[in-house]
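Student: I am new to reading models like this one, and I would like to study a single part slowly rather than hurry through everything. Please take me through how its helices meet one another, explaining each term as you use it.

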Amino acid sequence: MREIVKVFKVLADETKLRILNLLQERECCVCEVVQALEISQSRASRGLTALYDIGFLKLKKEGLWSLYSLDREAISSYQMEIIEAVKEALNDNKITALDKERLKRAKRVGFKKYGSDSENQKHILSDLAIKR
């Protein structure tokens, strides 16, 4: 019972639903999630960590990058049904459609240190010429 409660608590958040929706497209690093969702690095990291902690994601290190993807082998059948329900529910959502479009243009970049997450995000987006 605790496991399913934890799953629904994590999924009761718009950012985590949007991240989960992105990861159904392809694996992503934190910086790609930042660009696609136009959120701070810390918010993206917290969302990815929460989804990882409930067993939805696997983590692969590739050089400097930590790449997250759905852990299809380890996900239980009820969890996969939840993930599919989320995908279906967000299928015609305008916000998640924009997220997916921005993901197509997202690049793996290193974070510059400008003092705050919002400043880092602005510089990353401007470096990539992604207009807000």
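Tutor: What follows begins with the whole chain and then turns to the places where helices meet.

This is a predicted model, in which local features need a pLDDT of at least 70 and side-chain atom pairs count only at pLDDT 80 or more, while totals for chains, interfaces and linings use all residues. Residues are numbered from 1 along each chain as its sequence is written, and side-chain values use heavy atoms, with hydrogens and water left out.

The chain has seven helices and two strands, where helices (H or I, at least four residues) and strands (E, at least two) are DSSP runs numbered from the N terminus. Along the sequence they follow the pattern α-α-α-α-β-β-α-α-α. Of the 132 residues, 42% are buried, a word that means under 20% relative accessible area, with exposed meaning over 50% and partly exposed in between (1.4 Å probe, protein chains only). Among contacts in the chain with a separation of 6 or more, 64% join residues 24 or more positions apart; a contact means heavy atoms within 4.5 Å.

Two packed helices are described by the angle between their axes and the distance between the axes. The axes of helix 1 (residues 2-11) and helix 5 come within 12 Å and cross at roughly 20°, where axes are lines fitted to C-alpha atoms, for helices over the stretch in contact, and angles run from 0 to 180 degrees between N-to-C directions. Helix 1 is therefore roughly parallel to helix 5, since angles under 35 degrees count as roughly parallel, over 145 as roughly antiparallel, 65 to 115 as roughly perpendicular and the rest as oblique. The crossing of helix 1 and helix 5 is right-handed, the term for a near helix turned clockwise from the far one by less than a right angle, whereas anticlockwise would be left-handed. On the helix 1 side, Glu3, Ile4, Val7, Phe8 and Leu11 meet Tyr78, Gln79 and Ile82 of helix 5. These contact residues divide into six nonpolar, one polar and one charged, where Ala, Val, Leu, Ile, Met, Phe, Trp, Tyr, Cys and Pro count as nonpolar, Asp, Glu, Lys and Arg as charged, and the others, Gly among them, as polar.

Helix 5 (residues 77-89) also holds Ile83, which is buried, with a relative accessible area of 0%. Leaving out residues up to four places away in sequence, Ile83 touches Leu20, Gln24, Phe56, Leu70 and Ile75. Between Ile83 and Phe56 there are 8.7 Å from C-alpha to C-alpha, although they are 27 residues apart in sequence.

Leu17, in helix 2 (residues 14-23), is partly exposed at 23% relative accessibility. Beyond its neighbours within four places, Leu17 contacts Leu11, Val86 and Leu90, and from Leu17 to Val86 the C-alpha distance is 7.4 Å across 69 residues of sequence.

Now set another pair beside this one. The axes of helix 3 (residues 30-37) and helix 6 (residues 94-105) come within 7 Å and cross at roughly 130°, so these two helices are oblique to each other. Glu32, Gln35, Ala36 and Leu37 of helix 3 make the contact with Asp99, Arg102, Leu103 and Arg105 of helix 6, and this set divides into three nonpolar, one polar and four charged residues.
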